[in-house]
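Could you walk me through a structure I have never seen before? I would like to learn how to read its helices, its empty spaces and its backbone.

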Amino acid sequence: MRVEEFDFHLPEKLIAQHPLLERTASRLMALNKRTGEIGHHRFSDLIEFLQPGDALILNDTRVLPARLYGVKSDTGAKVEFLLLKELEPNVWEVLVRPGKKLRVGAQVSFGDGLLTADVLDTTEEGGRIVRFSYEGMFYEILDRLGQMPLPPYITEQLEDQERYQTVFSKHRGSAAAPTAGLHFTSEFLEQIAAKGVRIGFVTLHVGLGTFRPVSADTLDEHKMHAEWYHLPQVTADLIRETKAAGHRVIAVGTTACRTLETAGQKGEIREASGWTDIFIYPGVEFTVVDALVTNFHLPKSSLVMLVSALAGREAVLRAYAEAVREEYRFFSFGDAMFIY
């Protein structure tokens with residue numbers, strides 16, 4: 001299949017620039033993957049689609065304040081870092097701007113020397129491998145110096161940094177939020193659990209590559225970026241019990257979906273950790289996920305391809321066209337879709 005087959009027109013005005021005051025106040029489009037039927041709801045109506053015995057699986061990763069502003073130690077030139085992933089203790093892969101003059105051996109200082117970084121190597125994508133030096137606790141320093149790495153299509157400042165975190169975020173490590181989870185409140189999750197829906201968690205540290213358009217011409221040519229995941233034993237047990245009882249496994253977000261399908265490819269569902277570069281597109285069979293809560297995604301992105309694998313490309317593009325007509329809000333702070 002060609003990447004162009006997943007393109008659609010998206011007016012810029014539909015890109016949500018800020019979160020709604022209430023997390024559950026977003027709109028919810030429901031798409032029946034068997035019939036193609038589309039329904040328009042509020043996100044709080046999601047509970048009506050859930051049944052006792054279903055398992056709702058959420059990604060409990062926490063976004064790092066991963067954007068750092070510093071200066072080159074020798075020249076004082078301004079440098080911006082975006083932390084992508086920790087390769088080993090204190091050694092990170094980062095994006096840098098401007099990057100051309102930041103050569104191997106250069107040193108960057110942040111917070112008047114509170115944190116320094118030595119450039120060890122370059123990456124194929126133009127990033128850098130750096131080693132950080134500091135006194136104290138790295139994440140405490142990062143909380144002091146770092147800023148939330150909002151996607152480039154969000155141009156407004158975020159007043160409350162926690163609105164780019166899910167209420168159940170726990171394990172630090174993401175360069176971006178698992179945005180489908182932003183719609184949930186603790187109270188709404190309690191209501192869902194009270195209905196008899198079982199709730200489980202996985203961790204996948206989201207990389208920026210998740211949101212980028214696919215640059216290849218065909219899907220066969222695309223290579224997914226790798227992201228670190230963990231499926232705990234308690235969640236593996238929950239999934240097996242849910243499947244054995246004939247109930248649904250519902251992933252909240254494409255990141256939770258990719259984690260579950262990575263585990264499914266290994267056969268029996270059990271505790272697992274590691275790096276996944278799974279690419280889910282039409283023709284790929286789902287082995288674990290039965291339904292999906294997700295946001296509206298970028299044209300020609302791997303995420304549009306993933307939801308198309310679950311519901312069918314034509315049905316998804318038809319739903320997206322209706323979302324544009326009905327002026328749904330798109331991307332990270334936008335509205336949601338439930339594919340069931």
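What follows is a conversation between a learner and a teacher about this predicted model.

Q: Let us begin with helices. How long is helix 4, and what span should its residues have?
A: Helix 4 covers residues 233-244, twelve residues in total. At 1.5 Å a residue they should span 16 Å, and the end C-alpha atoms are 16 Å apart, which agrees.

Q: Which residues of helix 4 are buried?
A: The general idea helps here. An α-helix has 3.6 residues a turn, so residues three or four places apart point the same way. In this structure, the buried residues of helix 4 are Thr235, Ala236, Leu238, Ile239 and Thr242. Looking down the axis of helix 4, you find its buried residues within an arc of 160°, so they line one face of the helix.

Q: What do those buried residues pack against?
A: Their partners are strand 3 (55-59), strand 12 (198-204), strand 13 (227-231), strand 14 (249-252) and helix 5.

Q: And which exposed residues sit on the face turned away from the buried side of helix 4?
A: That face carries Val234 and Ala244, which are exposed.

Q: Now to helix 6. How many of its residues are buried?
A: Ten of the ten residues of helix 6, which runs over residues 302-311, are buried, so the helix is largely enclosed by the rest of the structure. Among them are Ser302, Leu303, Met305 and Ala311.

Q: What covers the buried residues of helix 6?
A: The cover includes two helices, helix 5 (254-265) and helix 7 (313-325). It also includes strand 1 (27-31), strand 16 (291-295) and strand 17 (336-339).

Q: Let us turn to the backbone. What should I look for in phi and in the peptide bonds?
A: Most residues other than glycine have a negative phi, and most peptide bonds are trans. Let us go through the cases that stand out against that background. Asp112 has a positive phi near 55°, and its place is in the loop between strand 8 and strand 9 (115-122). Lys300 also has a positive phi, near 60°, and is found in the loop between strand 16 and helix 6.

Q: Are Asp112 and Lys300 buried or exposed?
A: Asp112 is exposed, with a relative accessible area of 86%. Lys300 is partly exposed, at 22%.

Q: Which residues follow helix 4 and helix 6?
A: Each of these helices is followed by a glycine with a positive phi. Gly246 comes after helix 4, with phi near 80°. Gly312 comes after helix 6, with phi near 95°.

Q: Where can I find a cis peptide bond?
A: Look at the bond from Arg97 to Pro98, which is cis, with omega near -10°. Pro98 lies in the loop between strand 7 (91-97) and strand 8 (107-110).

Q: How do I read empty space, and how many cavities of 30 Å³ or more are there?
A: Rolling a probe the size of a water molecule over the atoms shows where empty space is left. Here the structure holds three cavities of 30 Å³ or more. The largest cavity has a volume of about 100 Å³.

Q: What lines the largest cavity?
A: Its lining has 13 residues, and those nearest the centre are Pro19, Ser26, Arg163, His183 and Phe333. By class, the lining divides into four nonpolar, six polar and three charged residues.

Q: What about the second largest pocket: how much space lies in it, and what lines it?
A: About 150 Å³ of space lies in the second largest pocket. Its lining includes Arg62, Val63, Asp143, Met148, Gln161 and Arg172. By class, the lining has four nonpolar, four polar and four charged residues.

Q: Finally, how do I read contacts outside the helices? Which residues does Gln17 touch?
A: Set aside neighbours within four places in sequence, and Gln17 is in contact with Tyr153, Ile154, Thr155, Glu156 and Phe333. Gln17 is found in the segment before strand 1 and is buried, with a relative accessible area of 18%. Gln17 and Phe331 are 314 residues apart in sequence, yet 9.1 Å apart in space, C-alpha to C-alpha.

Q: Where does Thr179 lie, and what does Thr179 contact?
A: Thr179 lies in the loop between strand 11 (171-174) and helix 3 (186-194). At 9% relative accessibility, Thr179 counts as buried. Beyond its neighbours within four places in sequence, Thr179 is in contact with Asn295 and Ser332.

Notes: Residues are numbered from 1 along each chain as its sequence is written. This is a predicted model: local features need pLDDT of at least 70, side-chain atom pairs count only at pLDDT 80 or more; totals for chains, interfaces and linings use all residues. Side-chain values use heavy atoms; hydrogens and water are left out. On a 1 Å grid over the protein atoms alone, a cavity is a set of points where a 1.4 Å probe fits but cannot get out, and a pocket is an open set with protein on both sides within 12 Å along at least five of seven lines; lining residues have an atom within 4 Å of a point. Grid points are joined across faces, edges and corners, and a volume is the space filled by probe spheres set on the points. Ala, Val, Leu, Ile, Met, Phe, Trp, Tyr, Cys and Pro count as nonpolar, Asp, Glu, Lys and Arg as charged, and the others, Gly among them, as polar. Buried means under 20% relative accessible area, exposed over 50%, partly exposed in between (1.4 Å probe, protein chains only). Helices (H or I, at least four residues) and strands (E, at least two) are DSSP runs, numbered from the N terminus. Contact means heavy atoms within 4.5 Å. The expected span of a helix is 1.5 Å times one less than its number of residues. The arc is that of the directions from the helix axis to the C-beta atoms.
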